[in-house]
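Student: I have a structure in front of me that is new to me, and I would like to go through the terms used for it one by one. Could we begin by looking at it together?

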Amino acid sequence: MISKKNPILQRLLSKLTKASVGNKYAIAVSGGTDSVAMLFLIREWCRMKHKQFCVFHVDHSMRNTSSADAEWVKQLCQEHNIEFFSRKATKEDLENNRNLGSEGWARNFRYSSFASMLKESKADVIVTGHNSEDQAETILMRMMRGSSWKGIQGIKSQITLNFENTELKMWRPILNITRLELSNFLKSIKQEWREDETNQTDLYLRNKIRHKLMPMLEDIYKGSVSHIIALGADASQLQKDLHKRALKYIKTFFNQEKNQIMVAKKPETSLRREVIRVWLKNNGLENSINRSLIERIDDLWLIKNNGRAVKYANFEILRHKKYLWLRIWEN
């Protein structure tokens, strides 16, 4: 039992993000600093709020030490009498969806595992350990890849995903807490953790940003990381307003029967492009959305040339008089 008088505990509890609504919280624990610290923070939060909780662990079988990590997390839960659920990737799992790349496959397997463990555990919310540096890294990665306002807002503290006909309600409670604060908290309660050796390699873009770019930014200008996070928060507020205005525009100028948007009006660029993004998403084309595509469609909006079109994968956008018309081809 952690002492309620622990000053670090009380400070970090006050920094948790607003929780997703639920009765039972499934805490995703890998064994690393962030997730182990989060486990003990959320355990205390659940006791304060009279909520149930359990632990989820996903073993992707992509590292030689992954089985040892899974066993370590299982023993940790046994020591503290915490309900434990786990999934381990088989050879068959590893062969499936390899066309997604290793990171895409790992993400799909993780969500698939979460979906099955939610059913087994009867939990409502999955709690994941993204911290403040993760937030800054994500914003930088998206900026480098050419993100819009939507991407620059970074990681949301709450999100709901639909995966394999299962609703995954996610809560990221430690987005306002640094890695140093989390490790200091674990030291204060004399709790060990596991180190993931892949975090030390620079094979992945995120690790390159973590180990090279972020320290350089802090060295050049102290406080850079916190300023990047603040920019993400500002972008989030702008995106919310922009999205509301886009929905209002679509409600007013969208012909649902013909899947057409009236483009005789020319609102500011940011609103036009958000209207286009929402329109594509509403037609199930979210995976096709990128900056280049939206810019090309926006050009159709601005130039009054009938018959011009933007073709992409299994759909096209055509300009006809005062309208943009979306046509999706059958597979």
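Tutor: What follows takes up one helix, then some strands, then the nonpolar cores. This is a predicted model, in which local features need pLDDT of at least 70 and side-chain atom pairs count only at pLDDT 80 or more, while totals for chains, interfaces and linings use all residues. Residues are numbered from 1 along each chain as its sequence is written, and side-chain values use heavy atoms, with hydrogens and water left out.

Student: What makes residues 291–302 a helix, and how does its reach compare with the span expected?

Tutor: A helix here is a DSSP run of H or I with at least four residues, numbered from the N terminus (a strand is a run of E with at least two). Helix α12 has 12 residues and reaches 17 Å from its first C-alpha to its last, close to the 16 Å expected, where the expected span is 1.5 Å times one less than the number of residues.

Student: Which residues of α12 are called buried, and how are they placed around the helix?

Tutor: Buried means under 20% relative accessible area, with exposed over 50% and partly exposed in between (1.4 Å probe, protein chains only), and in α12 the term applies to L293, I294, I297, D298, L300 and W301. Seen down the axis of α12, these residues fall within an arc of 150 degrees, so they line one face of the helix; the arc is taken from the directions from the helix axis to the C-beta atoms.

Student: How do you know that β10 pairs with β9 and with β11?

Tutor: Two strands pair if DSSP finds at least two bridges between them. Four bridges join β9 to β10 and six join β10 to β11, so both meet the definition. Each pair runs antiparallel, and β10 is mostly covered, with five of its six residues buried.

Student: What makes a group of residues a nonpolar core, and which residues touch the most others in the largest one?

Tutor: A nonpolar core is a set of buried Ala, Val, Leu, Ile, Met, Phe, Trp, Tyr and Cys residues joined through side-chain atoms within 4.5 Å. The largest has 34 residues, among which L41 and F185 touch the most other members, and α2 gives the most to this core, with nine residues. A second, separate core of 23 residues includes Y249, L280, L300 and L324.
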